[in-house]
Structure formats: C-alpha cells, structure tokens
Amino acid sequence: MHQNYSDEEQDSDEQLLGQDVGVKRHNQDVYQTSEEVKDKKTTLEEVKQSGRAERRRLREERRRQQDDSDSESEYLVGKLAEIALTVKEPDRVEGTGLIYDERMLKHENLWDKHFPETPQRISGPFQRCCELGLTERCIRLEAQHSTEDMILLQHSQELIEKLKQTTEMTTEELKAEAVKYDSIYFNNSTFECSLLSLGSTVELMEQILKKKVRNGLALIRPPGHHAMMGEFCGFCYFNNVAIAAKHALENLKLKKILIVDWDVHHGQATQQMFYNDPRVLYFSIHRYEFGKFWPNLRESDYDYIGEGKGLGYNINVPLNQIGMADHDYLAIFHQILMPIASEFDPELVLISAGYDCALGCPEFNPDFVVVSAGYDSAIGDPKGQMGVTPAAFAHLTHKVMSLAQGRVAVILEGGYCLKSLSESAALTLRTLLGDPCPRLPPSQEPCDSITESILNVIKVLRPYWKCLQYQGFTSDPCPYEEVNHLPPKPDVKFITEENKPKAYPECLEPYAGDEYYEEEKRLLPVIDRLRASTDLSKAKNRTCIAYDEGMRAHHATGSYYHPEAPDRITRIFDKHTEWGLTERCTRVETRMATEAELTLIHSSAHVEEIKSTEDKNPFELKNMEGKFSSIYLCKDSYFSARMAAGFVLDVVDNVLTGQSQNGVAIVRPPGHHAECTQAMGFCFFNNVAIAAKYAQNKYNVKKILIVDWDIHHGNGTQQQFYEDSSVLFISLHRYDQSFFYPCTTQGSHTNVGEGEGVGFNVNIAWNNGPMGDSEYIAAFQQVVMPIAYEFGPELVLVSAGFDAAMGDPLGCYLVTPAGYGHMTHMLSSLANGKLVMVLEGGYHLAAISNSMAMCTSILLGDGCPHLPYTQPKDSAIKCIRDALDVQKEHWKSLKFRVNIKTEEKENPEDLEKEEREKIKNDKDMRKIDELAEQFTNVSVIQDIQHPRENKADDHCGGENPGITGADSLGAEGGGDPPETSPVSANEVLQQLEAQGHTQMFAVTPLTWCPHLETVTPVPRGQIDTGAPCEDCGDVSENWVCLVCYKIYCSRFVNEHMLMHGVMEQHLMCLSFSDLSIWCYGCDHYIDNIVLFEAKNAAHRHKFGSSLPRPLSLS
C-alpha cells in the first residue's frame, strides 16, 4: 500500500506522554514537572489537529476554486504536474535490420582469382552470423537497386554512364577500362552489384529512420568510401555512405549526421563530399604513416579539419605505425570520438565499417550515426597490418549505440582477412542485437604514437569543440615531441592531382598470393585461439529484479516526514510496472542475509547491536539513535536491513550463475555509508560491499568494479577496500571541499588507496556545483571508462543512489534520467555485461522512480534516450583534471593529461563577453539587495570571504569517522562550504521535461499554513547557521525559531527546539542542515514566499551566496 505522507497523522509525542521529561530553560535553573510538560504537549496536539483541519479545508477550497497562486513553489509544482502528463515509457523500437543478397557475389575479378576484394568478403561473414544464430534473430530487409537520381546526389552523370557501359564489355575491354583507375576491376555485373550495394545502404538507413528497426548491418559489396564524384577508386564505384547521408539531409530533412569510418584506409572521397558541410561530422581512423600509406594524401592528416562552415567537422586520426591494438582504438573513442560526438548530438550514425584494421588483415550524439565499417584494421588483415580483435569491434559499436537514440547503420567497407572479417562483422551484429560485449582482457598502455596522434587532433580541434578541455594548454612544450610540430614530414611524397599516374597497369598484374597472405597465414592460429577464448555466452534471462514490500517496514516512528521513506522503493517499483519493465524482468525470491554473510564486512558486535533493536521499546530506540549519525530506528529496522542485503546477494547469485545477464535491486535501507562497526547516513549494512566479498568468496571472482554515483561519498565502501587491489572503487560525489556529507576528507580526489590498494580507489570529488548530465558524462569518458577498461572487471556493482538527480531536495544537482541511462549504458559494456545495480540514496520520488526505471530499461537492452549536450562547468573540468592528475600515476590509460603547447592568445570577443557577464551579475546582485531591503527593511549582508570565520567547531570536515558535525538527516545535506553555487530557477526549469517531475520534494511542502502569520522579520538581516543550541550548546544539528530567532537543537540531539515550540507556541522553525522549514502545528514542511527572507539569510551565511530570486519577486 502507498502511504500519503502529506496526510499522515502518526505522532511519536504520544509515545512519550506520561514520561518525566525535564527541560532546562535558558539561563534558568527551574525544571518543569512532567505534568506541565504533558499539558504543553496536549496543547500542541490540539494545535496540530486544528492545523490539519484547516489544511484539509483549504485544500478542498483550492480544488473547488482552482485559484492561481503567486508563490514560486506553487507555480513550479503546477508546471511539474503539467509536464508529468507527458512523461511516459521510453519509445521502444524493436529489431535489428540485416541486408545480405547473394546477387552481390557476382562482382569478382575475372583476371585474378587471388584478388583480395572477393565475393567471400560478404558470404563469409553471413555464414558466421548464421553459425552464431544471429541471422534468425534479425529482421531481414530486402536489397534494393538504387535509382540514378540517388546516385546523382554525389556523383556525375558521366560516371554513371561509364559504369553502365561495363555491362556489355568484353574481358579485354574491361581490363582497358580498369587501368584508368587506382585499384579497380570490372566485370559485367559490377554495375548491378554497385546499384544493389548503394540501394541496400539507403534502404537500411530509411528503415531505421522510419523506426521499422532500431539499427542494422548491411553486408554489401562493392564498398564505397573511396569513390569520388567523377572517379572510381580503391575497389569503390558509388560512395554508399556519402550518398545515404546526403539523401538523409536533402530529402529526409535530417540536420546532423555522424559518419564514423574505421576502415584502415582513409575515406578521402567521403571527406571531400562533406568537407565544408557542418551538418555532417566525418570521423576517420586510418593508417597513415605520415603519408606513406595508401592513398598517400596530404589531406588525410590530422590538420585537415574542414573549411568554411565545415571547419572543425572533419576529423582525421592518423595511425603512424602498424600494430595498433584494442587499447589504442579505445583511447581514440574515449578521448576524441565520444566526447565530440556527444557534443555534436547527431540524429543518425553511419559506420563505414572496414575491418582491415583487424588482426590478420593484410591491409590495415548525432541525429543518425553511419559507420563505414571497414574491417581491414582487424587482427590478421594483410592489408591493414593492425591488431584490433573481433571482440573490440563489439565494444566500439556499443559505444556509438548511445548516440542518436541508437539509430546506427553499419555499412561494410573493407576487410581482407576472411576469418578475422567474418568474426568481427558477426560480433558487430551481435552487439547491435543487444547481446553483451565479450569481456576484453585488461587494456594495455596506449602506444606513444597513438598518444601523439590523439593529442595532435585535440590540439587543432580544441577551438571548435567545448569538450576538449582536459589537457593543459600552455606555452610549454608537450612531452611528446611530435605534438610540438605541425605536419607534413619533409621526406614524404604525397599524391596530388598534378603528379598522380595517368594509368594503373599494376591492377592487371596478379597478386602474389603466397607472399601477400603470409602475414595472414601466420596470424590465423592466433585468430583461432581468439575465437575459442572469446566468451560469447549470454544468460537465459536478460535482467532480474529484486523487490519486496517487506522492506517498507523500516520507517521513522516520529511525527515528521523522513526523506528515507518506505515510499522510495514502492514508487520505483510502480514506475517499473507502469513502463512494462517488471514483466520483462525475472523476479528473484526474497531472502534474508545471514549473520555470517553480514559479518563478511561488519563486526559481530555491530550486527548484534543492530539486531538488538528488535527487542527495544520506542524510548530505548530513540536513545539508541543518538549513538549514530543520521540514523533512525524502529523495531523492523534490522529485519528490513537484512532483507535488503539478502536481496542484493540473491541478485548476485542470479547473475553469476548465468540465470540473468544483469540485475537490479530495489532495496532499502541503503548501505554505502555503513562501516565495519558503525551505522550511519541512513545505512545499517553495506549491501554492495557485502555483495563484493560474497562474490569473491563464493564464485572466486578476481576483479570487481564498484561504481558509486550516489551524491554522497561512499565512505563505508571505500574503507572496506582501501588496501585491496581486487576491488576497484570509483566514486563520483558532491564534495564541496569536504563540507558535504559525510563531511570528511576521505572523499578527496587525493585518496587513492594504501598498500596493495594504491590506485584502486578513485574519487571524482565535485566542488562548486551544481553538476548535471554533461559533467557526469565527461567524468565517465575521461576517467571512469578508461580506468575500468584497464582494470578489466569480471563483475560490476553499481551503488546507484539517485540523489544527484534533478529535483532532489538533498543533493541539489541536475542529473536527469537520461544521464543515468547513458552512464548505465557505458558500464554495461564491461564484464561481459555482468552488472548488478543496487539502490542507495535518492529522495525525490519522481526523480528516483524515473531514473532507476531508465537504468533498468537500458539494462533490458532498450535504446539510450536523447541527451542534449551542455558545456561542463569550469569547476567540473577542474575536478576532473584534479582526478586525472592524481590517477595518471597509477593508470596508463590516463596518459593524455599533459600540456599541449599553444600559441593561442585571449580572444577579445571572449574577454568582452566575460566583462558583460560580470556587469550583468553585479546588476543582479544589486537588484537582490534592493528587493531584500524593500521587503524586509533590513540589508542583506554578503560575507562571502569569511562566512564562518573562526568557528572551527562548525566545520564538519576532518578525519573523524564519527562525523559529529553532520546533520542528523545526514545524507540529506552537508556542512558549510566556503563557496558554492545554488541551483538556479532557470536550471530547474530547463530540465523539467526531461526529468518528468510530479513533486519538487520527497513530500510536497504546503504552500500555505495558518502559522505563517507568526513569522517575524530576521533581526539585522542575519542568521548565524553555526551558532550553538541555547540550552545545551550542541552544534551538530540545530534549528532557528522563525518567531523569536532563538536557536535550539533538533529532536535527534536533545529535542530542545521541539520543547521550545511546545512551551512557547512558536511553531515555525528553519533547519540549518538543509534550510527546510517545518511547522509543528501543521506537522509538515512549508514553502511560501513569506519564508524567503529567512532562508536567504541562512543561505548567505551557510554558503556565502544568495538563493535564486523567486519568480513572484521578479
């Protein structure tokens, strides 16, 4: 059942009636009798009942009259409710398209049976796809003949006529025609096959754009990316991918297309066709060797970045040595392609998928992504002479599937080692079908040559892309010498229009088969071993899910609403059901963690202490709460905590025994703050840490990755594995110079582990937020994923707190469900898809429901939602750089964090813009001060430089694991950072639709209550949020009375504010922890414009900056 907490009338005060409670008044020695206290409490009960009755009356009146409110809160709630009507289950476009037609086998070289561009290039991959059972799972699309109008989008009529004439030529005439072109042959079927190849490319693309299929693979030939407007070239006749892209732009009205060309040969023709077109981002990774490798063009180098409006939209990553391997290609994707593609935000992705970079080959966020999939960089290809494994192509494909809502068309280009090509194409298709990526061995250090190429690309593209900000750009030289110079090398002779041959008679000479394929033959045993060792297993079920209403039993017994409430898991599960996710998942059975399992992490004394709560009365429980930081207790706390831990272990069992590929645990109470001997931060037992130890002990898992994206640092998890190299712990959390909960320096980026665990603890500690999607995605691209691939986990555990979500009242960050979905997608490529997601924090009911449902949707194989790009904050870039600077000493994949020499000068326009912003901010500040004076007749004092000077006790940072300075709702908020930026109203409104809000808080605050009239102006415009309780002197968690402005401690300390409210009938108070306002009379949170003055004064003292101005004050 759901509980309506806004109408709930439970009250712990009744449990205390009859008890002798003495309260010492300030500066008095007189204690009131228990009877007097009882009378006051009875009076408080009457006030509460009156307040609730008044609230019900007003609610009914508002329903009848539908009055509009001028308050900002009501406006926002109304807006959120309106938008919530449009929030629905993400679109599910099912199916992977596959095009293969044996008619394309008819194109073959009549005078050289050993020619590498052979019909087996498509029949071999198709056969391998059949062997793996992939073709029967695809939606087969019929190959189509292209029309001449389609060809004319990129080629001349003369070129069409030339190819058409070959249908009637004799063999000798075909030879005579072939020598006119570089690396070309003809037969009488070449024209028809070229029409089928192009028509099939367009057909696949159109079916994706029509949402008939989500993505697809076209096994076609002849290839296309070398074919120029008026010239055949490099086995290519019509430029399949370029024509499809032009058709999508001109006829289908797409605005942005990403073309990824990983064929080992530069697709110079595709580059030429879009060189000045900003609608197409062309990204090519190709063997270059400083210009010595075919096609030997100057324009294939990294400094050719487009021209005119297309400047910055042409990206060449030249490979200047052979033997590039998986880790080199992954570095290119992490450092350049994925950041830029996310910023570009395409509608479609087209992949020119050449597999000639594969091992054994003899030649080496976007509307739509087209991949020119040449596989001649694959291992064993005698042309590519690179070392990319078939499994790596699965990972590269998986990465681009996060773009363009998964609209990805993979179009075959090159690839000449048939065994490597077949395996690579099959694993690409397997990934498109949603199967898990095969686990790669831990990645090695990227070679210096590829490091130089990547840094050179960043050097020339940085002025055009905001995402390329993680190197140092100074006048100092780069440690990689090649980066300090501009191309070309002086001893290289390039092919130009002036010096290119008039004829190519060598095309008539037979390939020296044995000599040519010597490298391929040498590597065939390697390819066989790779195929045999690659784990292509997948579980029977995709995703398992754990949920039981028994975990609702843990609840706060007081009269207040606690953010870690039972409805958190119920609302999440309901959203899963609403989106149809639960019926697609396998439910795991309920079980309780045993004491032996709990003691894998926790001391026996700690387990016994929590167990003892089952036998304690409410008064004893309340006293026991005082021993912990940010903990509430009830008789069912131990039961629920054991169930939560047991459920997580059940999901781990399900995944590691192969029953499910991944799993989701919707559990509470959370766990990542719980230490070996200490419960804290709403956490009793560390569910994820227990799961990691359990997996190691029971299943002999050697390497476990724990990613904790809860907004609070997972101090308990970090402590457990701080000296353990078998567990890599990565935490992304709000830190605010250690002032945010748990308020210790353990969360600093400088903490990297100890002993054998050095380097295996990674903290991405956010300062000066709020941070949102772009900041988190950047951290994943720059830090999390490179390190994760280098670590090579066998199991991924995610401490999935959603309190960094947009709208969360405790985190105040801006991550959307789409952002969480993309992070989930990235992590799902690891560990052969073995991922377990465990709920931690998150206190905005709509936010956590939508966010976790989105993550489950991704784990089930649904496409990534659209994620608009915004530039990461400067403060976030600094935090990421700080993490890189520390971690690059331990992880070779982070070697790109170096200085790049630049001669750039400050742009006068940028300086002028900064000055304008400064002037505007100054004006805004003056307006706020004027408004404050107008509404309160007091000045708002801005003490940014020393907001808490000389109050050492107020700082809750430091090394003390007890965290006595944290607020009692702990994971609700933090201490007192010297400077931070609040979330602005504009930032909130910009992301409402993506978030799908229905409430602004874990419980919707009242916008009016009858006790607002008792609130008085703030004395002298100041509230000292570090002041001690006037009765007991405690500073750990205090409130200020909004009637008399006296300061007392919370119900979690000595209850002096509660007693003050009872005896003085001062019912409105403000929390120093999270600046929320509570009315004892209405038994509810309140949010009204009348309270802005007090909240703003407290915010200025606590954070050194003003709150955003309410809309109603505009």
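**Exercise 1. A lysine in a loop**

Between which two elements does the loop that holds Lys888 lie? Place this residue in the predicted model, then describe its exposure and its contacts.

*Solution.* Start with the position: the loop holding Lys888 connects α27 (874-887) and β19 (899-901). Next, take the exposure. Lys888 has 27% relative accessibility, and buried requires under 20% while exposed requires over 50%, so Lys888 counts as partly exposed. Then look across the loop: Val898 is 10 residues away from Lys888 along the chain, and the two C-alpha atoms are separated by 10.0 Å. Finally, set aside the neighbours within four places in sequence; Lys888 is then in contact with Leu894 and Arg897.

**Exercise 2. Two helices and their spans**

Work out whether the end-to-end spans of α11 and α17 agree with 1.5 Å a residue, and describe the surroundings of each helix.

*Solution.* Begin with α11, which covers residues 326-344. Its 19 residues should span 27 Å, and the end C-alpha atoms are 25 Å apart, which agrees. The helix still has a kink of about 40°, centred on Phe333. As for surroundings, 19 of the 19 residues of α11 are buried, so the helix is largely enclosed by the rest of the structure. After α11 comes Asp345, with a positive phi near 60°.

Now turn to α17 (residues 567-578): its 12 residues reach 16 Å from first C-alpha to last, close to the expected 16 Å. Its buried residues include Asp567, Ile569, Ile572, Phe573 and His576. The packing partners of the buried residues of α17 are β11 (541-546), β12 (586-587), β18 (835-839) and α26 (845-859). Gly580 follows this helix and has a positive phi near 75°.

**Exercise 3. Strand β13 and its partners**

Find the strands that pair with β13, give the sense of each pairing, and name a bridge in each.

*Solution.* First partner: β11 pairs with β13 in the parallel sense over 5 bridges. Within this pairing, Cys544 has Gly663 of β13 as its bridge partner. Second partner: β18 runs parallel to β13, and 4 bridges join them. Here Asn662 is bridged to Leu835 in β18. To finish, check burial: 6 of the 6 residues of β13 are buried, so this strand is largely enclosed by the rest of the structure.

**Exercise 4. An open sheet with a helix on it**

Which strands stand at the edges of the sheet that contains β20 and β21? Add the helix that packs on this sheet.

*Solution.* Write down the order: 5 strands form an open sheet as β21-β20-β22-β23-β24, with antiparallel pairing. The edges are β21 (1047-1049) and β24 (1084-1085); each has a single partner strand, so one side of each is left without a neighbour in the sheet. Helix α31 (residues 1056-1064) packs on the sheet and touches β20, β21 and β22 (1068-1071). The directions of α31 and β21 make about 125°.

Zoom in on one pair: β20 (residues 1038-1041) and β21 run antiparallel and are joined by 3 bridges. Opposite Trp1039 stands Tyr1048 in β21. The loop between β21 and α31 contains Glu1055, and that residue is buried because its relative accessibility is 15%, below the cut-off of 20%.

**Exercise 5. A helix crossing**

Classify the crossing of α6 and α8, and list the residues that make the contact.

*Solution.* The axes of α6 (residues 157-165) and α8 (residues 190-209) come within 7 Å and cross at roughly 130°. Angles over 145 degrees would count as roughly antiparallel and 65 to 115 as roughly perpendicular; α6 and α8 are therefore oblique to each other. On the α6 side the contact is made by Ile160, Leu163 and Lys164, and on the α8 side by Thr190, Phe191 and Ser194.

**Exercise 6. Backbone exceptions**

Most residues other than glycine have a negative phi, and most peptide bonds are trans. Collect some exceptions to both habits.

*Solution.* Take phi to begin with. Lys253 has a positive phi of about 65°; it sits in the loop between α9 (240-250) and β4 (257-261) and counts as exposed at 60% relative accessibility. Glu1055 also has a positive phi, near 65°.

Now the peptide bonds. Trp294 and Pro295 are joined by a cis bond with omega about 10°, and Pro295 lies between β5 (280-287) and β6 (314-319). Another cis bond joins Arg668 and Pro669, with omega about 0°; Pro669 belongs to the loop between β13 (660-665) and α22 (687-699).

Notes:
Residues numbered from 1 in each chain as written. Predicted model: local features only at pLDDT ≥ 70, side-chain atom pairs only at ≥ 80, totals over all residues. Heavy atoms only, no water. Expected span 1.5 Å × (residues − 1). Bend = angle between axes of the 7 residues up to and from the residue. Buried < 20%, exposed > 50% of the residue type's maximum accessible area, 1.4 Å probe, protein only. Pairing = 2+ DSSP bridges. Contact = heavy atoms within 4.5 Å. Axes fitted to C-alpha atoms, helices over the stretch in contact; angles between N-to-C directions. Parallel < 35°, antiparallel > 145°, perpendicular 65-115°, else oblique.
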